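Trainee: I am new to this structure and would like a close look at a single part of it. Could you take me through the residue at the centre of that part and then through its surroundings?

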Amino acid sequence: MEKKCRKILEKYYKEEGNVISILQDMQEEFGYIPDDAVYWCANELNIPASNFFGVATFYSQFHLKPRGRYIITACCGTACHVKGADPIIHRMRADLALAEGETTTSDTNFTLESVACIGACSMAPVVKVNKRIYGNVTPDRATELIDEFNNEKGK
Ligand code: FES
């Protein structure tokens with residue numbers, strides 16, 4: 001961790017006000033913002049860790065917990081809601097055995113999130129897995145997708 005953080009900071013030592021850039025690099029490197037990395041960088045830069053945490057909690061692009069290898073984004077926008085987004089989300093939560101309030105599976109293979117609109121309303125209901133969009137999804141298709149990605153991860 002220290003080696004990776006040092007490499008990130010080398011880019012920013014001479015410039016001030018790069019908290020966002022450092023956080024972006026951390027997230028790129030680790031997949032999320034680890035507490036240890038924040039405290040290490042804050043100590044190196046001699047600034048309060050709260051400077052990092054304040055920014056990281058303000059912007060939704062930053063994640064303070066590990067996220068899944070597969071990020072499933074279920075659309076809850078109006079078009080998707082009308083065409084059955086709720087049963088799809090309910091099915092995926094059950095398939096992934098996510099407890100109330102959890103978004104990432106215990107093995108960190110999947111993270112299930114929702115958004116207001118993916119911008120593909122004509123294909124509603126829509127689910128995105130990482131960068132790929134799936135349209136006209138049904139609860140059964142959602143289960144198939146999870147099975148497909150579960151099988152893929154073993155390869
Ligand atoms: S409402 Fe779901 S893609 Fe727009």
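Mentor: Happy to help; here is a walk around I72, starting with the chain as a whole and ending with the salt bridges. A word on the model comes before that. This is a predicted model, in which local features need pLDDT of at least 70 and side-chain atom pairs count only at pLDDT 80 or more, while totals for chains, interfaces and linings use all residues. Residues are numbered from 1 along each chain as its sequence is written, and side-chain values use heavy atoms, with hydrogens and water left out.

The protein chain has seven helices and four strands (DSSP runs numbered from the N terminus, helices being H or I of at least four residues and strands E of at least two). Along the sequence they follow the pattern α-α-α-α-β-α-α-β-β-β-α. The C-alpha atoms fill a box of roughly 50 × 35 × 25 Å along the principal axes.

Now to I72, which sits in strand β1, residues 70–75. With 2% relative accessibility, I72 counts as buried (buried is under 20% relative accessible area, exposed over 50%, partly exposed in between, using a 1.4 Å probe and protein chains only). Of the 155 residues in the protein chain, 39% are buried.

What does I72 touch, not counting residues up to four places away in sequence? Its partners are M92, L96, F110, T111, L112, E113, V127, K128, V129 and I146, where contact means heavy atoms within 4.5 Å. D95 gives a sense of distance: I72 and D95 are 23 residues apart in sequence and 13 Å apart in space, C-alpha to C-alpha.

Next, the cores. A nonpolar core is a set of buried Ala, Val, Leu, Ile, Met, Phe, Trp, Tyr and Cys residues joined through side-chain atoms within 4.5 Å. The largest one has 20 residues, and I22, L23, M26, V38, C41 and F52 have the most contacts inside it. Apart from it lies another core, of 18 residues, with I72, A74, I88 and V127 among them. V127 is thus also one of the residues that I72 touches.

E113, another contact of I72, leads us to the salt bridges. The structure holds seven of these, each a side-chain nitrogen of Lys or Arg within 4 Å of a carboxyl oxygen of Asp or Glu. E113 pairs with R67, their closest N and O atoms being 2.3 Å apart. This pair links distant parts of the chain, 46 residues apart: R67 is in the loop between α4 and β1, and E113 is in strand β2, residues 110–115. Both ends are partly exposed, R67 at 23% relative accessible area and E113 at 25%.

A second bridge joins D140 and R91, with the closest N and O atoms 3.0 Å apart. Here too distant parts of the chain are linked: D140 belongs to helix α7 (residues 139–153) and R91 to helix α6 (residues 85–95), 49 residues apart. D140 is partly exposed at 48%, and so is R91 at 27%. Within helix α7, R141 forms a salt bridge with E144, the closest N and O atoms being 3.2 Å apart. These two are separated by about one helical turn because they are three residues apart in that helix.
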